[in-house]
Amino acid sequence: MNTKLLTTTKKDIAEAGEIIKNGGLVAFPTETVYGLGANALDEKAVKSIYAAKGRPSDNPLIVHIAEKEDIVPLVKEVTPAAKALIDEFFPAPLTIILEKSEIIPDATSGGLDTVAVRMPKNETARALIKASGCPIAAPSANTSGLPSPTKAQHVIDDMSGKIDAIIDGGDCDYGVESTVITLATGVPTILRPGAVTKEMLEAVLGRVEISPAVLSGMAENETAASPGMKYKHYSPKAEIILVEGKKERFEEFVNTKKNAFALCFEGDCVNIPHLTYGSESDDLSQAKELFDALRRLDETGAKKVYARAPHKNGVGMAVYNRIIRAAAFKVIDLNKPFILGLTGQTGAGKGYVGEMLTSLGYNVIDSDSVSRKLTEKGSPVLPVLQTEFGGDIVKNGELDRALLAKRAFSSRERTDALNRILHPAIIERCKAQAKGLSVIDAPQLFEAGLEKDCCRVIAVTAPKETRLKRIIARDGITKEKALLRINAQLPEEYYIKNSDAVLINDGSTDVKKAVEETLEKVL
């Protein structure tokens, strides 16, 4: 397809209007980002938007109107709350969700019973809607999943040859998509933050809630009621990791990284290659520059990028929402103790991996050592263990660890009983020892719930026969007893599914190199 490049003249806008009227696709500027428009009432035309973008068809679109009254035929009812928002804000970077009327096709609403409507501030956008003679359905004019376009060149890069025309209207004013608020629920709820903030909406409506999906993603099987909720969005080809923390902590952290880029604020003292996206104190500048910065990262060839997190107030919430989605919710929180979790199957060689981490400067906390100190002579834990596992496990005030192990690891149920007694105290002691770059080495990490206190979890595994031989040689026990210990643990599949990285220590691996590569991967 030959994509026409148009300007904002009346002649070109009239031509673009005819294209949409005839079922074609036109990319056009708004005050937020560039939109990819089609006749919202033409199901075939709307479906071509999904095809051009590579967008999942259950991701609803926003319908753009030119005048306030144009919303009336698109919805079942303009509720009092909707009228209040329209009177106060339209035209604005604000999208309102209401129950749809029968004229809205399923392709436009993503199969939902609701429709999202907004009246853009951008004069070119409204002129195009008037020239087309119909409401225009328009997501952002980019390849699905990539950063949204805030310049005409972004659209040209993504959409040339796929759509009929692109109107070059210069750079977008705000740089992040519109605020989306649903009025189809009991309490008005923000589904996507933007330049119209929660505080501004509450001044009109009173109580307004924020969907949990705004900052933490959608729950499993939850239906996306708004664009930008369900799928990984706004992401460059580079891997983005969001870093929470004050300026000094962020600088200290990223300046130790090799073969990585940083996305930071103006004035941050960053020594590795980096790009900035506005000022720390100016969330509007962050919003305007974010998507362009994300696109420029790919131009630099960046593979891994540590992005400094903005605050979550006002427009900053919109910026945070876009970055955390670009990062696919991968976050390192420097405000918390920087703890790695190290776990794995018995006999897999986890202790050796711990030694490698110690040599790399990490403070490795051995939960087994913590457990031994917790059960030393005179410990108040010993009588509790005797009640559960028999009085004879304590002799002359000392714990017979071999006998306890024999009984505790005889079944999953007995192991769980041991964990219930020891884990709470072990957790507290391990966390108390975590200073700086720390690793908690815990074979029962998941059983204890310690993974919740770790920024990343690394699991060490090995083939069953290899582990069996190691356990027999290490502990001088029979094959049968070794198998009991193996079978009392979680299956390998669990470690793989619930860890950020899995290190296979089968005897043929260069463990030090593997550890360094694993750290580079997860951090």
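Which elements each supply at least two residues of the lining of the largest pocket? They are α12 (350–359), β18 (363–366), α13 (367–374), α15 (401–408), α16 (412–433), α18 (464–475) and α19 (479–487). Keep in mind that this is a predicted model. Below is a quick run through its pockets, its nonpolar cores, one buried lysine and a few spots with unusual backbone geometry.

**Largest pocket**

- There's about 1400 Å³ of space in the largest pocket.
- Its lining takes in 50 residues, and those nearest the centre are Asp368, Phe409, Pro443, Arg474 and Arg485.
- Sorted by class, that lining splits into 20 nonpolar, 17 polar and 13 charged residues.

**Second largest pocket**

- The second largest pocket comes in at a volume of about 660 Å³.
- It is lined by 23 residues, with Thr256, Lys257, Tyr362, Leu437 and Leu523 the closest to its centre.
- Two or more lining residues come from each of α9 (247–254), β15 (304–308) and α21 (511–522).
- The class breakdown here is 11 nonpolar, three polar and nine charged residues.

**Nonpolar cores**

- The largest nonpolar core holds 45 residues, and the members that touch the most others are Leu36, Leu85, Leu94, Ile96, Ile163, Ile181 and Leu201.
- Elements giving two or more residues to this core are β3 (35–39), α2 (43–53), α3, β5, β6 (114–118) and α6 (152–159).
- Of these, α2 provides the largest share, with five residues.
- A second, separate core has 34 residues, among them Val254, Ile272, Leu342 and Val460.
- Back in the largest core, Ile96 is one of the best-connected members. Leaving out residues up to four places away in sequence, Ile96 touches Ala82, Leu85, Ile86, Phe90, Val115, Ala116, Val117, Ile181 and Leu183.

**A buried lysine**

- Lys100 sits in the loop between β5 and α4 (106–109).
- Is Lys100 buried or exposed? Its relative accessibility is 10%, so Lys100 counts as buried, the cut-off being under 20%.
- The Lys100 side chain makes a polar contact with the side chain of Ser109, at 2.9 Å.
- Ser109 has plenty of company around this lysine: not counting residues up to four places away in sequence, Lys100 also touches Leu74, Val75, Lys76, Pro105, Asp106, Leu112, Asp113, Thr114 and Val115.

**Backbone oddities**

- As background, most residues other than glycine have a negative phi, and most peptide bonds are trans.
- The peptide bond from Phe90 to Pro91 goes the other way: it is cis, with omega near -5 degrees. Pro91 belongs to the loop between α3 (80–89) and β5 (94–99). Phe90, on the other side of that bond, is among the residues that Ile96 touches.
- Phe329 isn't a glycine, yet its phi is positive, about 65 degrees. You'll find Phe329 in the loop between α11 (315–326) and β16 (331–333). With 35% relative accessibility, Phe329 counts as partly exposed.
- Asn396 also has a positive phi without being a glycine, in this case about 55 degrees. Asn396 lies in the loop between β19 (394–395) and β20 (398–399). Its relative accessibility is 73%, so Asn396 counts as exposed, since the cut-off for that is over 50%.

Methods. Residues are numbered from 1 along each chain as its sequence is written. This is a predicted model: local features need pLDDT of at least 70, side-chain atom pairs count only at pLDDT 80 or more; totals for chains, interfaces and linings use all residues. Side-chain values use heavy atoms; hydrogens and water are left out. Helices (H or I, at least four residues) and strands (E, at least two) are DSSP runs, numbered from the N terminus. Buried means under 20% relative accessible area, exposed over 50%, partly exposed in between (1.4 Å probe, protein chains only). A polar contact is a pair of N or O atoms within 3.5 Å; within protein, one must be able to donate a hydrogen and the other to accept it, and residues adjacent in sequence count only if both atoms are side-chain atoms. Contact means heavy atoms within 4.5 Å. A nonpolar core is a set of buried Ala, Val, Leu, Ile, Met, Phe, Trp, Tyr and Cys residues joined through side-chain atoms within 4.5 Å. On a 1 Å grid over the protein atoms alone, a cavity is a set of points where a 1.4 Å probe fits but cannot get out, and a pocket is an open set with protein on both sides within 12 Å along at least five of seven lines; lining residues have an atom within 4 Å of a point. Grid points are joined across faces, edges and corners, and a volume is the space filled by probe spheres set on the points. Ala, Val, Leu, Ile, Met, Phe, Trp, Tyr, Cys and Pro count as nonpolar, Asp, Glu, Lys and Arg as charged, and the others, Gly among them, as polar.
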